[in-house]
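The following paragraphs walk through a structure, beginning with how two helices cross and ending with how two chains touch.

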Amino acid sequence: MSPARPTAPTVKDDERLVRRVAKSHNLTDEQYAQIVRILRRPPTLTEVGMFGVLWAEHCSYASSKIYLRTFPTKGKRILVAAGKENAGLVDIGDGLAVAFKAESHNHPSAVEPHAGAATGVGGIIRDIFTMGARPIALFDSLRFGPLNGHARTRFLFEGVVKGIADYGNSVGVPTVGGEIYFDEAYRENPLVNVMCIGVVPHTAVAKGAARGRGNPVIYVGSSTGRDGLGGASFASRELSDESEADRPAVQLGDPFAEKCLIEATLEALATGDVVGIQDMGAAGLTCSTSETASRGGCGMEIDVAKVPRRETGMTPYEVMLSESQERMLLIAKQGQEAAVKKLFAKWGLNAVTIGRVTGGDRVRVFDGTELVADAPVAALTHGAPVYRRPVKRPAGFARLQRLPLRAVPVPRDLNHTLLQLLGSPTIADKAAVYEQYDHMVQTNTVVLPGRSDAAVLRLKGTGTLLAATTDANGTYCLLDPYEGGKLAVAEAARNVACVGAEPLAVTDCLNFGSPLDPGVMWQFRECVRGISEACRAFGTPVTGGNVSLYNESPRGAVDPTPVIGMIGLIQHTAHSIQHTEGRACYAPVTMGFKDEGDLVWLLGETREELGASEYLKLIHHRKQGRPPRVDLAAERRLQQLLVEGARAGLWKSAHDCAEGGLAVAVAECCIAEPDHIIGAVLDLSLVTCHLSLRLDALLFGESAGRVVISCEPHRTKRVAALTARAGVPARLVGTVGGGRVKIGEWIDAGIGELSAAWRGAFRRTA
Amino acid sequence: MKFGVVVFPGSNCDQDCVHVLRDVLEQEVVLLWHQESSLRGCDCVVLPGGFSYGDYLRTGAIAKLSPVMKSVAAFAKDGGLVIGICNGFQILLEAGLLPGAMLRNTSLRFICRYVTVRVERTDTPFTNRFQPGQVLRLPIAHNEGNYTVDAAGLKRIAERGQVLFRYCDADGQVTDAANPNGSLEAIAGLCNEAGNVLGMMPHPERASEPSLGSADGRGVFESILQSVACR
C-alpha cells in the first residue's frame with residue numbers, strides 16, 4: 001500500500017457516470033441517496049459497484065429476509081446455524097459433521113445452459129469446501145418446459161445436463177441424486193438448482209472470518225477476467241429478450257482448476273496456517289472481502305493491482321465485481337504466507353498476497369497508490385434496505401383451486417393411462433440423464449440412482465450411512481403455496497425415511513418470480529410458512545439455502561418452487577448390517593420388489609385427491625384443484641415407522657406414492673431394478689372398502705403420506721403389530737410375483753411393456 | 001506388497017484405489033506425486049482414473065509428459081507391474097506403453113454404469129484369480145473409451161493374446177448391444193506384449209466390496225498380489 005495513507009478516495013469519478021452505473025445495478029434513487037449518506041460524499045465508481053452487487057436481491061435477500069427469519073434453525077445436531085457461515089453444519093456423530101447447501105443458477109442457465117449449469121456446480125462445491133469439508137455428493141433439481149417438439153427446450157435441457165456432467169465428473173464429486181420436472185411454467189425460465197454435501201471432522205471446520213490485524217489476505221486460484229461481470233445483478237433481474245446480450249454476465253467454469261483448488265485448499269486448511277477463508281462466488285472479491293471482514297469484526301485493505309488477471313485493461317470496478325470462477329480468499333497467519341503459497345504452487349494455482357486485515361471497520365480498495373473505494377463493512381454487508389414488500393393473494397387463485405370433477409371423465413382404458421404416465425418425462429426413468437453423471441466416484445454410493453427414494457452414501461471408517469434427497473412440486477405450490485411448502489418437506493422427509501434413515505436437517509432453494517409482484521410475495525410468504533411448519537413438526541431445522549427471485553419471462557413467473565434438500569442418517573445397528581465374507585455390508589431399503597411371494601402393503605390413507613396431480617395435468621390438461629392435504633403428525637408417525645421397520649429388517653422394499661399415485665408407485669416397485677423386474681398382483685378392495693373413491697383417484701391420485709412396502713409372508717404379524725403400534729394405517733394389498741402388474745380389474749400390463757414405457761421416454765422425445 | 005498410486009493434478013480415483021488396496025486388501029500403499037521420479041520401491045504402479053490436467057488437450061496427452069511417467073516407463077520395461085484404470089489406460093496409450101488410441105464413445109456422451117466383461121485370459125499377473133471366460137460385473141465411467149488401433153496393430157494384439165477383457169452380455173456373449181462405447185472388438189482391457197502392463201476402462205476399484213453392489217473387481221488386485229507373491 002502507499003506509504004502516505006489517504007483518508008478518502010483519491011479518484012474523482014464523474015458523478016453522472018456513477019449514477020448511470022448505479023441505475024445499471026438496479027439501485028433506486030433512494031438507495032443511492034442512502035449510499036451518499038453512509039459515505040458522507042458521492043460514491044466512486046468502484047464503490048457504487050460494490051454497493052450495487054451486495055445490495056442486489058441475490059446477495060442481500062432484501063425482499064425475503066423478513067420471512068427467512070421465521071425458519072426454525074435450532075436443533076441439538078446443529079453446529080453452525082443458518083446464515084452464520086457459508087453453509088449449515090450438522091453433527092452426524094463419530095466426530096464428523098455434514099456441511100450442505102443448495103443454490104440456484106437459473107438465469108445463467110437460461111442464457112448459456114452448459115456454462116450456467118457447470119458454474120452452478122462449481123459454485124456450490126466451493127461453498128462446501130470453504131467450510132473445510134470434503135465434498136462427497138451432488139444433487140441436481142432441474143425444471144424445464146415440456147420437451148416435445150421444442151428445439152430450444154431440448155437445447156436447454158441437454159446443455160444443462162452436459163454442463164453438470166462435464167463439471168461434476170471432472171471434479172470428482174459424484175452426482176448421486178436429484179429430480180427433473182417438465183412443465184410449461186418453466187419454458188422460458190428453467191430452474192437449475194444444485195445441492196452439495198460435504199463431510200468434515202469437527203476439529204477441521206474452517207471459518208469464513210478475517211481475524212488478526214496485519215494478517216495477510218491471499219488471493220488463490222484462477223486469474224480474474226471480465227467473465228461473470230455483475231452476475232449477482234444479472235440474477236436479480238427478470239429475463240427478457242435482451243438477456244441474450246447478458247452472455248458476458250455468465251461465467252465460464254474450469255473443473256480442472258476447481259479440482260486442484262479443492263485439494264490445495266483442504267491441504268492448506270489442514271496445516272493450521274489459515275485463519276479464515278471464503279470462496280469468491282456471487283459478487284467476487286467485493287463479497288469475499290466484505291463478508292470475511294464483517295464476520296471477523298475488522299477492516300481490510302486490498303490492492304486490486306496485485307490481483308492476477310487474465311485480461312488487460314481491467315478497471316478496479318471490473319476486478320472487484322468480476323465473478324470469474326475457481327477463486328478463493330484466504331486469510332493466513334502472519335509469517336506463514338510462504339508455506340501457504342508453496343502449497344498452492346504445487347497444485348499449479350495462483351496465490352498472491354493482495355492485502356492485510358486492518359483494525360477499524362472499513363474495506364479499503366487500492367489500485368496501486370490510488371484509493372478507489374473506502375466503505376464501512378457493516379453498511380456493505382448488512383446495510384442493504386430490508387423490504388416488507390406488498391403481499392396479495394393473486395386474483396383468480398380461487399378459480400385455479402376449483403376443480404369441477406364432474407367435467408373430468410374417468411378414462412376407459414386405465415392400463416393405457418398408466419402407460420402414458422410412466423412414459424411422461426417427469427415420471428419416467430431418468431437413466432438417460434444420470435448415466436451421464438459419474439455417480440460412483442469416491443466409492444461411497446451404496447445405492448445407485450433410480451433404485452431408491454433417497455440417495456445413500458457410506459461414510460468410510462464409520463458405521464453410518466448418509467441419505468439425502470431433493471424435492472419440490474411447483475404445481476402443488478402454485479395451487480396452494482402453504483400446503484405445497486409443507487408437502488415438499490414431507491416428501492423429502494418421507495423419501496429419506498423410506499431408505500431407513502432418520503431425517504435430520506434441511507437446506508432450501510426458493511425459486512420464485514418477481515418480488516415486486518404482490519402475488520409472488522404472497523406465494524413466497526405462504527410457502528415459507530408451510531416449510532417452517534413442517535420443519536418444526538419433523539424436528540428438521542433449516543440450515544441455510546438460497547433464494548432466487550425474478551424467475552420471470554415476458555410470459556410470466558415460474559411456478560413457486562421451493563426445493564427442499566434433506567439429509568438423514570442410518571446409524572450403525574446390528575439389523576441394518578449383513579455380514580458378507582466377514583465384512584460389514586449395509587442394506588438400506590430400496591424401492592424395487594425383491595422376491596416372488598413377498599407381500600405388498602400400502603401404508604397411509606388414500607383420499608379422493610386429484611387436484612394438482614400429474615394425472616390431471618397429463619391426461620386431462622388441467623392444472624387446477626387443491627393439492628393433497630398433508631397431516632404433519634401422521635407424516636411424522638409414518639417416518640418413525642419407516643425408520644423403525646428398516647432397522648428391524650422387517651421389509652425388503654419401500655417406495656413412496658408421489659407423482660402418478662399408487663399405480664405408478666407400484667409399477668415402479670416392479671420395474672426399478674433393471675436386472676430384476678418382477679410383477680405383482682394387487683387387490684385394492686381393502687383400500688376402498690370404507691370409501692367411494694373415484695377409480696382415477698384411487699389409482700393416480702397423489703394423497704400424501706403413503707408408502708408401498710413389501711415383506712416376506714412370515715413377517716405379516718410383526719408388520720401388522722408395528723404399524724398398529726405406530727398408529728399408521730396399513731393394508732395388505734397384494735403379492736409380488738409373475739410377469740404382470742395387475743391391480744384389481746383395471747390394470748393388467750406386462751412388466752416388459754411397463755418397463756419399456758418407463759425407460760423409453762427420453763428416447764421417444766429425442 | 002507395496003503399491004504406488006500415481007497422482008496427477010486432476011486424478012480423481014486415486015483415493016478410491018488407495019482405499020481398496022490399503023483398507024480392503026490391507027496392503028502398503030504410497031501416493032506418487034506426478035513430479036516425483038522415484039517409484040519408491042513399489043511392486044506395482046497404479047495409474048488411477050480421473051481427468052489428469054482436465055483432459056483438455058486430449059485424454060492423457062499432458063499426463064504422459066509428467067516426470068513420473070519416465071520412471072513408470074523404465075519400470076515397465078524392466079518387467080514391473082503397471083495397471084492403468086480408465087484415465088490411467090488413456091495415459092498408457094498416450095505414453096506408448098500400450099498400442100492403440102481412444103476415440104469418444106459412439107454415443108458422444110459420458111457413460112457411467114455397470115457393464116459386464118468377459119475374462120479372455122487367466123495366465124496373466126492381472127487375471128490369474130479368475131476362471132477362463134468368467135463374466136465380471138464392473139462399472140465404467142468415461143467419455144472416451146472407444147478403443148481403436150490400426151489393422152496391423154489389431155492383428156498383433158490378437159496374435160499375442162493381449163486382450164484380457166471384452167465387453168459382453170450377462171451370458172458372456174460379445175454382442176454389439178453389450179458394447180457400451182463402440183470399442184473395437186469390444187476391447188475393455190488390454191496388456192502389453194510382455195504381459196506386465198494392463199490398461200482397462202472398467203473400474204475394478206469401484207467393485208471391490210459387496211456393499212457397493214459388486215466385488216468382482218477385487219480379483220484384479222488379488223491376481224496382482226498372487227503374482228507378486230509367487231515371484
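A crossing of two helices is called left-handed if the near helix is turned anticlockwise from the far one by less than a right angle, and right-handed if clockwise. The model shown here is predicted, and one helix pair in it illustrates the term.

Two packed helices are described by the angle between their axes and the distance between the axes. In chain A, helix α10 (residues 255-271) packs against helix α13 (residues 337-346) at an angle of about 155°, and their axes are 9 Å apart. Angles over 145 degrees count as roughly antiparallel, and α10(A) and α13(A) are therefore roughly antiparallel to each other. Their crossing is right-handed. On the α10(A) side, the residues that meet α13(A) are A264(A), E267(A), A268(A) and T271(A); their counterparts in α13(A) are A339(A), V340(A), L343(A) and F344(A). By class, this contact has six nonpolar residues, one polar and one charged.

The pair belongs to a chain with 28 helices and 30 strands. Chain A has a radius of gyration of 26 Å, close to the 27 Å that the globule rule gives for 766 residues, so it is as compact as a globular protein of that length. Its C-alpha atoms fill a box of roughly 90 × 60 × 45 Å along the principal axes. Of the 766 residues of chain A, 62% count as buried. Among contacts in chain A with a separation of 6 or more, 84% join residues 24 or more positions apart.

Chain A also touches chain B: 24 residues of chain B are in contact with 27 residues of chain A. On the chain B side, α1 (14-24), β6 (111-119) and β7 (135-142) are the elements that give two or more residues. β6(B) gives the most, with three residues. This side of chain B divides into 12 nonpolar, seven polar and five charged residues.

Key
Residues numbered from 1 in each chain as written. Chains lettered and ligands numbered in written order. Predicted model: local features only at pLDDT ≥ 70, side-chain atom pairs only at ≥ 80, totals over all residues. Axes fitted to C-alpha atoms, helices over the stretch in contact; angles between N-to-C directions. Helix = DSSP H or I, 4+ residues; strand = E, 2+ residues; numbered from the N terminus. Parallel < 35°, antiparallel > 145°, perpendicular 65-115°, else oblique. Contact = placed C-beta atoms within 7 Å. Nonpolar A, V, L, I, M, F, W, Y, C, P; charged D, E, K, R; others polar. Rg over C-alpha atoms; globule rule 2.2 N^0.38 Å. Buried ≥ 20, exposed ≤ 12 C-beta atoms within 10 Å, placed from the backbone.
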